[in-house]
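Here are my notes on the model you sent over, as a few numbered points. I hope they help as you look around the inside of the protein.

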Amino acid sequence: MSLSRLSVELIPRSEDALAQDVSSVKTLFPAADTLNIPDLMRFPLRSWDATALTMPQFGTVIPHVRAIDIAPGAPLPGSDLPGLKEVLVVHGDPPADLAHRTYPNSTESIIRRYRKEAPHLRIYAAFDPYRRAPWKELEDIARKKEAGAEGFFTQPVFDRKLFDLCREWLLGEQVFWGLSPVIGPRSRSYWETTNHVVFPKNFEPTLDANIQFAQSVLRDLSQEQGSAYLMPLRVKLDQYLPPLMDALTV
């Protein structure tokens, strides 16, 4: 058995840095068949522009699209990008720069627009087990599906028990399970403060412990032909990816 899909999330810091990261993924982690690219306001390169640059080098790329950035009637990002097949629609956090204009769109309203205006694209939405009561998040999942979402990207999971529970909640759905290393107290504090993550009591913010956890989750997902994406934040790709490649070839 093997994973159905395996993506690596790359930050679009610049065109040169992105091209270098794509090359590293191809060399260090040939099991990856997909890249996903977030849309981050602190960098000038937007996710769909980064996707257009990356697709000739890699192939399958999924840009993230922030719903609150799309003006009424404006073209949908990526809708006319040749070769693009999938997008991930997220709500989007309020920008730090108040000069950046946002709009009162819901995730569902933008998903509906994609379904109507770009029916050739497969639309993913987000699932976050940490931000609210589970029943509210699952109600949100139902609304996103009704709007036209065909699959989900989860926030990275760091707890085996929570991962197993979420698998029950999302049974039968197309899900990219998120995995991201948390190395050191500053990284842990970021996830706790910004994303309200509750780490298990025995969590170790070390590279080795994070690799072992990711290996375990990837092996389990391989048994059921699940999908995953890796978010290698604040860690060198050559330190994080090759050990995970080893887990997939056992």
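1. Let me start with the lining of the largest cavity, bearing in mind that this is a predicted model. The residues around this cavity are Val157, Phe158, Leu179, Ser180, Asn210, Phe213, Ala214 and Tyr240. By type, six of the lining residues are nonpolar and two are polar, with no charged residue among them. Helix 7 (residues 207-223) supplies the largest share of the lining, three residues.

2. How many cavities of 30 Å³ or more does a search of the whole structure find? The answer is one. As for volume, the largest cavity comes to about 40 Å³.

3. Two of the lining residues, Leu179 and Tyr240, turn up again in the largest nonpolar core. This core has 72 residues, and the members that touch the most others are Val25, Phe29, Tyr114, Leu179 and Tyr240. Helix 7 is again worth a look, as it gives the most to this core, with six residues.

4. Leu179 deserves a closer look on your screen. Leaving aside residues up to four places away in sequence, Leu179 touches Pro156, Val157, Phe213, Ala214, Val217, Leu218, Tyr229, Leu230, Met231 and Tyr240. Among these contacts, Val157, Phe213, Ala214 and Tyr240 also line the largest cavity.

5. Now for the aromatic rings: the whole structure holds 10 aromatic pairs. One of them joins Phe153 and Tyr229, and this pair counts as tilted because the planes stand at 45 degrees, with ring centres 5.2 Å apart. Phe153 belongs to strand 6 (residues 151-156) and Tyr229 to strand 8 (residues 227-230), so the pair ties together parts that are 76 residues apart in sequence.

6. Are the two partners of that tilted pair buried or exposed? Phe153 counts as buried because its relative accessibility is 3%, and Tyr229 counts as buried at 4%.

7. Tyr190 and Trp191 give you an edge-to-face pair, with 5.4 Å from centre to centre and 75 degrees between the planes. Here the partners part ways: Tyr190 has 31% relative accessibility and so counts as partly exposed, whereas Trp191, at 3%, counts as buried.

8. Which residues do ring pairs link into a cluster? They are Phe158, Tyr190, Trp191, Phe199 and Phe203. Phe158 brings us back to the start of this note, since this cluster member is also one of the residues lining the largest cavity.

Notes. Residues numbered from 1 in each chain as written. Predicted model: local features only at pLDDT ≥ 70, side-chain atom pairs only at ≥ 80, totals over all residues. Heavy atoms only, no water. 1 Å grid on protein atoms, 1.4 Å probe; cavity = no way out; pocket = protein on both sides within 12 Å on 5 of 7 lines; lining within 4 Å. Points joined across faces, edges and corners; volume = space filled by probe spheres on them. Helix = DSSP H or I, 4+ residues; strand = E, 2+ residues; numbered from the N terminus. Nonpolar A, V, L, I, M, F, W, Y, C, P; charged D, E, K, R; others polar. Core = buried A, V, L, I, M, F, W, Y, C linked by side-chain atoms within 4.5 Å. Buried < 20%, exposed > 50% of the residue type's maximum accessible area, 1.4 Å probe, protein only. Contact = heavy atoms within 4.5 Å. Phe/Tyr/Trp six-rings, centres within 6.5 Å; stacked < 30°, edge-to-face > 60°.
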